[in-house]
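Please open the structure in the viewer and display it with both ligands visible. The tour below proceeds by selection, from enclosed spaces to open ones.

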Amino acid sequence: MVCSAADLAVEGLIFDVKRFAVHDGPGVRTVVFLKGCPLACAWCHNPESVSPRMELAHYAQRCIGCGACVEACPNGVHAFAPDGSHLIDRDHCQSCGRCSDACYAEALVLIGRRVRVADVLSEVLEDQSFYESSGGGVTLSGGEPFAQPSFTLALLRACRDGNLHTAVDTSGFAPWAVIEPALTHTSLVLFDVKHLDADAHRRWTGQDNALILANLRRIADAGAPIEIRVPIVPGANDEGSHLDRIATLAATLPTLTGVRLLGYHGLAGSKYASIGRSSSLPAVESPTRERLEELAARICRRCDVPVTIGV
Ligand code: SF4
Ligand code: SF4
């Protein structure tokens, strides 16, 4: 395997590496989660992925009240109120990690890890035999991989130099000049389609969808295989007529390999709390399996590719 030394040295910020994943592209995969996303989806289930910086998570249920964090922090970020509640002045946190290092109970965790492409590649290659036997590979997810264009491009190129199957899970909200060079090194684009209505897209994600839809078309025109992924969020984008429109659009993409419906789940609530945020999504029930199957069947009627239901 020959990778460019320049690629191997490129640095990026990731927040997780998940091995033996089976929902983010074909076969058994390693998913590398990059930190930073330009969208603000109300249903985001990885809120710790949004900030492009390292950040401190506090898991209150693990805290034993030892006070080591108060002693460790040079910026006075931690304090305890008279009622015993833990106060965290996040505005003055510089993500140095001293408090999380001192926290014996692992109630404090610094989210985000600066890594080189070489570091990620060596981690990824540990499971090469599983990729070969299952048709799997590596998936870059996030966050938004194209929000770290140099790192994403170098990592994809290094993986492809190693003959690995590569997938990128993207919102499509990135300049075409960033996406295009990556396509040569990408086996499959997992393209999230959240809402086709521009106003609704702005309302639920904070951004317009014109660039996203233009990029979807450009990726297809460039000949790159695409799997469309649709989060199904009750009350936001799950009307049957909306899924019909997505199916109609999907049917026009010559390189489409499949459509995957991802039912919303509300399991990220504790993640929001741990980083001092709250979800902006009104309380909604997760869609039932029957509802997801009903929507999948609607898409199948208009679009001749496999439609699957995932997590
Ligand atoms: S990460 Fe550093 S600056 Fe932030 S709270 Fe912990 S010790 Fe203080
Ligand atoms: S160091 Fe950890 S366990 Fe101790 S008070 Fe701080 S958060 Fe709680």
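In what follows, Ala, Val, Leu, Ile, Met, Phe, Trp, Tyr, Cys and Pro count as nonpolar, Asp, Glu, Lys and Arg as charged, and the others, Gly among them, as polar. Please bear in mind that the model is predicted.

**First stop: ligand 2 and the largest cavity**

Select ligand 2, which takes up the space of the largest cavity. The ligand is surrounded by 13 residues, and the closest are C63, C66, G67, C69 and C103. That shell holds ten nonpolar and three polar residues, with no charged residue.

Next, display the lining of the largest cavity, which has a volume of about 110 Å³. Its lining consists of 15 residues; C63, C66, C69, C103 and A107 lie nearest its centre. By class, eleven of the lining residues are nonpolar, four are polar and none is charged.

**Second stop: ligand 1 and the second largest cavity**

Move to ligand 1, which sits in the second largest cavity. Around ligand 1 there are 13 residues, with C73, C93, C96, G97 and C99 the closest. Seven residues of this shell are nonpolar, five are polar and one is charged.

The second largest cavity offers about 90 Å³ of space. Select C73, C93, S95, C96 and C99, the closest to its centre among the 13 residues of the lining. The lining comprises seven nonpolar residues, five polar residues and one charged residue. In total, the model has three cavities of 30 Å³ or more.

**Third stop: the largest pocket**

Turn now to the open spaces, beginning with the largest pocket, of about 950 Å³. There are 37 residues in its lining, and H45, N46, S141, G142 and D169 are the closest to the centre. Colour the strands β1 (11–21), β2 (29–34), β9 (165–170), β11 (226–232) and β12 (256–263), the elements that each give two or more residues to this lining.

Which element gives the largest share of the lining of the largest pocket? That element is β1, with three residues. Classed by residue type, this lining has 16 nonpolar, eleven polar and ten charged residues.

**Last stop: the second largest pocket**

Finally, select S51, R53, M54, E55, L56, R90, D91, C93, S95 and I275, which line the second largest pocket. This pocket encloses about 230 Å³ of space. Four of its lining residues are nonpolar, two are polar and four are charged. C93 and S95, which line this pocket, also appear among the residues closest to the centre of the second largest cavity.

Methods
Residues are numbered from 1 along each chain as its sequence is written. Chains are lettered from A and ligands numbered from 1 in the order in which they are written. This is a predicted model: local features need pLDDT of at least 70, side-chain atom pairs count only at pLDDT 80 or more; totals for chains, interfaces and linings use all residues. Side-chain values use heavy atoms; hydrogens and water are left out. A residue is near a molecule or strand if one of its heavy atoms lies within 4 Å of it. On a 1 Å grid over the protein atoms alone, a cavity is a set of points where a 1.4 Å probe fits but cannot get out, and a pocket is an open set with protein on both sides within 12 Å along at least five of seven lines; lining residues have an atom within 4 Å of a point. A molecule sits in a cavity or pocket if more than half of its atoms lie within 2 Å of its grid points. Grid points are joined across faces, edges and corners, and a volume is the space filled by probe spheres set on the points. Helices (H or I, at least four residues) and strands (E, at least two) are DSSP runs, numbered from the N terminus.
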